[in-house]
Amino acid sequence: DEDAQEYFFTRNIDFTKAMAKVNDDLNEMNTRKNGNPLIPYEPIDGKAFVINKAKILNHRWIIAEYTNSDLWGQILVKYFINEDGTTEFETIDTILYERQKVE
């Protein structure tokens, strides 16, 4: 949105590059042994949880879907781009959906 773009502009940050970096950082966290550390669930049946789709809402919020290939859920993440270019993430809330029963 315009306010988020203005936030980046006043800090002399190219928001398209910033969004690409945030996505890259999220994908890098998926490669960790126990899955993405933003997702507060241990692997289930040996399957780690990873983010499979993320939408950056503005200069602070991300909503993402995650899965371990059997289960899935959604996560709300707060992020901040530091002056040195690193990105900090904080999980705000998450939901893990129950398995659908097949009858």
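The legends below describe four close-up views of a predicted model. Residues are numbered from 1 along each chain as its sequence is written, and side-chain values use heavy atoms, with hydrogens and water left out. Local features need pLDDT of at least 70 and side-chain atom pairs count only at pLDDT 80 or more, while totals for chains, interfaces and linings use all residues.

**View 1. Asn68 in the loop between strand 2 and strand 3.** The loop that holds Asn68 joins strand 2 (61-67) to strand 3 (72-81); strands (E, at least two residues) and helices (H or I, at least four) are DSSP runs, numbered from the N terminus. Asn68 counts as buried because its relative accessibility is 4%, where buried means under 20% relative accessible area, exposed over 50% and partly exposed in between (1.4 Å probe, protein chains only). A polar atom of the Asn68 side chain lies 2.9 Å from the backbone nitrogen of Asp70. The Asn68 side chain also reaches the backbone nitrogen of Leu71, at 2.8 Å. Beyond its neighbours within four places in sequence, Asn68 is in contact (heavy atoms within 4.5 Å) with Ile44, Lys47, Ala48 and Phe49.

**View 2. The largest nonpolar core.** A nonpolar core is a set of buried Ala, Val, Leu, Ile, Met, Phe, Trp, Tyr and Cys residues joined through side-chain atoms within 4.5 Å. This one has 21 residues, of which Val22, Leu26, Leu38, Ile62, Tyr79 and Phe89 touch the most other members. At least two core residues come from each of helix 1 (2-10), helix 2 (15-29), strand 1 (50-56), strand 2 and strand 3. Helix 2 gives the largest share, five residues. Not counting residues up to four places away in sequence, Leu26 touches Asn36, Leu38, Ile51, Ala54, Ile62 and Phe89. In soluble globular proteins, nonpolar side chains tend to be buried together.

**View 3. Trp61 and its surroundings in strand 2.** Trp61 is partly exposed because its relative accessible area is 31%.

**View 4. Ile95 in strand 4 (residues 87-96).** Ile95 is partly exposed because its relative accessible area is 38%. Tyr41, Tyr66, Gly73 and Gln74 are touched by Ile95, leaving out residues up to four places away in sequence. From C-alpha to C-alpha, Ile95 and Leu76 are 9.1 Å apart in space, and they are 19 residues apart in sequence.

Note on methods
Polar contact = N/O pair within 3.5 Å; in protein donor to acceptor, adjacent residues only side chain to side chain.
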